[in-house]
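Here are some notes for a colleague who is meeting this structure for the first time. They are set out as numbered points, to be read with the sequence and the model at hand.

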Amino acid sequence: MDILDVRKSEFEIFRYSFLKDNFSNVYLIFGPKYSGKKTFSKEVSQAILCDKNNTEKKLEKPCRICKSCKSFDLGANENFFFFGKNEAESIGLSKDSIKFFSEGIDIITKTSLKTDKKNIFVIPEVENLSGDAVSYLLKTLDDANKNTIFFLTSNKISKVLKTIVSRSFIIRFNQIPKNRFLDVFSLYKLERNDQDKLYFRFMGLDGRAIKNFSKSDINGFFRSESEALSKSDEKISEIISKENTSSDNHREKAVKLVEQVIDFLSFEMKFSDDASKINFLDKIENTLLSLENIQKNGNIKINLDFVFLNLTWSTN
């Protein structure tokens with residue numbers, strides 16, 4: 001699934017800026033979790049740095065075969081810098097990464113004027129940065145030159161400092177229209193009911209779909225939906241078998257598992273026939289009761305036993 005196809009209108013902003021060589025220094029992309037903000041930022045960054053695009057003077061999808069694209073895919077592009085929890089250390093938590101952030105960007109931005117290449121920085125969930133990192137970020141944004149681009153993302157723009165928002169070009173990621181979402185999956189020639197399931201499962205959030213389909217094809221998705229139930233069974237059985245099932249850790253795991261069971265049953269009920277809907281509704285109500293009991297410090301083992309039996313019965 002290609003996010004630049006799904007987010008065509010947003011990509012057009014950068015195509016125009018590329019043509020005029022007139023980028024904003026700071027782009028703040030905000031929207032719900034799993035709306036594809038981080039993936040979009042990376043894809044646009046790769047497209048901007050793509051040798052083919054720069055030679056042809058127009059912004060298209062990354063070619064994936066030029067020197068810049070290959071180094072980008074290997075995580076070794078000298079003009080791209082990603083700061084996140086899964087890459088090295090988080091700016092918001094590590095003093096070492098703050099030090100690199102403050103010292104490294106200075107060097108990079110000062111040398112960037114000597115080349116036509118852009119230097120691009122992606123900082124996800126900017127609302128979670130530590131005070132030290134935010135202070136230096138503001139100074140860096142003010143001092144950024146024309147060859148420096150920042151992509152900042154946020155799940156909740158209301159939590160982002162106004163001083164950052166005021167310095168940014170704002171791009172909002174909403175839930176995407178169903179027809180545009182499903183256009184990407186058109187090659188699979190899905191039945192109408194499967195299309196509805198796909199859109200409902202991912203709630204129109206392309207980032208969630210990309211994360212899922214990067215590891216499996218369309219058949220794998222529907223197969224994994226049916227396998228999810230058996231995995232829940234296994235996890236519930238594992239918790240029940242523990243000697244100490246009253247600890248906070250076990251209670252937290254139990255709550256998450258039961259919530260997953262409810263999500264699964266709700267998903268199946270939405271696309272079942274009218275006769276089956278009544279049975280699914282009964283199972284959901286029973287499972288909700290068990291969830292409430294666990295949350296109120298009820299016996300974990302007894303309630304999970306009930307969920308397990310209730311769940312098994314609902315799938316026979």
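1. A cysteine to start with. The model is a predicted one, and in it cysteine 66 counts as buried, because its relative accessibility is 12% and the limit for a buried residue is under 20%. Its sulfur lies 3.5 Å from the closest cysteine sulfur, that of cysteine 63, which is too far for a bond, since a disulfide requires the two sulfur atoms to be within 2.5 Å. By this rule the structure has 0 disulfides. Seen from the other side, cysteine 63 is likewise in no disulfide, and its nearest cysteine sulfur is that of cysteine 66, 3.5 Å away.

2. Helix α3 as a whole. Helix α3 has 13 residues and reaches 18 Å from its first C-alpha to its last, close to the 18 Å expected at 1.5 Å a residue. Of those 13 residues 10 are buried, so the helix is largely enclosed by the rest of the structure. The buried residues of α3 are Lys37, Phe40, Ser41, Glu43, Val44, Ser45, Gln46, Ala47, Ile48 and Leu49, a list that includes charged and polar side chains and should be read with that in mind.

3. Two residues of that helix. Glutamine 46 lies in α3 and is buried, with a relative accessible area of 1%. Leaving aside its neighbours within four places in sequence, glutamine 46 is in contact with Pro62, Arg64, Cys69, Phe72 and Asp73. Lysine 42, also found in α3, which spans residues 37–49, is partly exposed, with a relative accessible area of 25%. Lysine 42 and phenylalanine 81 are 39 residues apart in sequence, while their C-alpha atoms are 9.8 Å apart in space.

4. The nonpolar cores. Which residues have the most contacts inside the largest nonpolar core? They are Phe14, Phe40, Val44 and Phe151, in a core of 23 residues. At least two residues of this core come from each of α1 (3–6), α2 (8–20), β1 (26–30), α3, β2 (80–82), β3 (119–123) and β4 (148–154), and α3 gives the most, with 5 residues. Apart from this core lies another, of 18 residues, among them Phe83, Phe121, Ala133 and Ile164. As for phenylalanine 40, leaving aside its neighbours within four places in sequence, it is in contact with Ile3, Leu4, Arg7, Glu10, Phe11, Phe14, Ile29 and Phe173.

5. Aromatic rings. The structure holds 10 aromatic pairs. In one of them, the rings of phenylalanine 18 and phenylalanine 23 have their centres 6.4 Å apart and their planes at 75°, so the pair is edge-to-face; both phenylalanine 18 and phenylalanine 23 are buried. The rings of tyrosine 27 and phenylalanine 151, by contrast, have centres 5.6 Å apart and planes at 20°, so that pair is stacked. This second pair links distant parts of the chain, for tyrosine 27 is in strand β1 and phenylalanine 151 in strand β4, 124 residues apart. Tyrosine 27 and phenylalanine 151 are both buried, and they belong to one aromatic cluster together with Phe14, Phe40, Phe169 and Phe173.

6. Serine 168. Is this residue, at 15% relative accessibility, buried or exposed? Serine 168 counts as buried, although its place is in a loop, the one between α8 (162–165) and β5 (169–172). A polar atom of its side chain lies 2.7 Å from the backbone oxygen of isoleucine 164. Leaving aside its neighbours within four places in sequence, serine 168 is in contact with Val26, Leu28 and Leu152.

7. Loop residues to look at. Tyrosine 34, in the loop between β1 and α3, has a phi near 70°, a positive value in a residue other than glycine, and at 28% relative accessibility tyrosine 34 counts as partly exposed. Glutamate 125, in the loop between β3 and α7 (131–143), also has a positive phi, near 45°, and is partly exposed, with a relative accessible area of 29%. Asparagine 22, in the loop between α2 and β1, is exposed, with a relative accessible area of 56%. The C-alpha atoms of asparagine 22 and asparagine 147 are separated by 9.6 Å, although the two residues are 125 residues apart along the chain.

How values were computed:
Residues numbered from 1 in each chain as written. Predicted model: local features only at pLDDT ≥ 70, side-chain atom pairs only at ≥ 80, totals over all residues. Heavy atoms only, no water. Helix = DSSP H or I, 4+ residues; strand = E, 2+ residues; numbered from the N terminus. Buried < 20%, exposed > 50% of the residue type's maximum accessible area, 1.4 Å probe, protein only. Expected span 1.5 Å × (residues − 1). Polar contact = N/O pair within 3.5 Å; in protein donor to acceptor, adjacent residues only side chain to side chain. Contact = heavy atoms within 4.5 Å. Core = buried A, V, L, I, M, F, W, Y, C linked by side-chain atoms within 4.5 Å. Phe/Tyr/Trp six-rings, centres within 6.5 Å; stacked < 30°, edge-to-face > 60°.
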